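Student: Before we discuss this protein, could we look at its sequence and fold together?

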Amino acid sequence: MDNAAYRRNQGGEEYPLPKNVELFFLPPYSPDFNFIEKLWKVLRDDFFNNKFFKNVLELKDYVSHVLRNVMKSRDIVLNICNVT
């Protein structure tokens, strides 16, 4: 898990964990371990590079369209997850 404060509180007195569960936290800066960082890099590099949007609605529609297509593409998803 990341080191967000609300995650760090899990396993304490307020939010106890079952005895058979152990939490592992990512290093403070670890984009290589965080798949969302990899997704954003793919989106920036392959879909948003040098694009201009007239307004926020156009950007929102484009993001929705791209995300739907990315999730349908097995190759892109496997690439993001470093699965060959």
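Tutor: For charges, Lys and Arg count as positive and Asp and Glu as negative, while His and the chain ends are not counted; the place of a charge is NZ of Lys, CZ of Arg, CG of Asp or CD of Glu. This is a predicted model, in which local features need pLDDT of at least 70 and side-chain atom pairs count only at pLDDT 80 or more, whereas totals for chains, interfaces and linings use all residues. Residues are numbered from 1 along each chain as its sequence is written, and side-chain values use heavy atoms, with hydrogens and water left out.

Student: How far apart are the mean positions of the positive and negative charges?

Tutor: The protein chain carries 12 positive and 11 negative charges. Between the mean positions of these two sets the distance is 6 Å.

Student: Which helix gives the largest share of the largest nonpolar core?

Tutor: A nonpolar core is a set of buried (under 20% relative accessible area, 1.4 Å probe, protein chains only) Ala, Val, Leu, Ile, Met, Phe, Trp, Tyr and Cys residues joined through side-chain atoms within 4.5 Å. The largest one here has six residues, namely Leu39, Val42, Leu43, Val66, Val70 and Ile80. Helix H2 (35-48) and helix H3 (56-72) each supply at least two of them, and the largest share, three residues, comes from H2.

Student: What percentage of the residues in the protein chain is buried?

Tutor: The protein chain has 84 residues. Of these, the buried ones make up 12%.

Methods. Buried means under 20% relative accessible area, exposed over 50%, partly exposed in between (1.4 Å probe, protein chains only). Helices (H or I, at least four residues) and strands (E, at least two) are DSSP runs, numbered from the N terminus.
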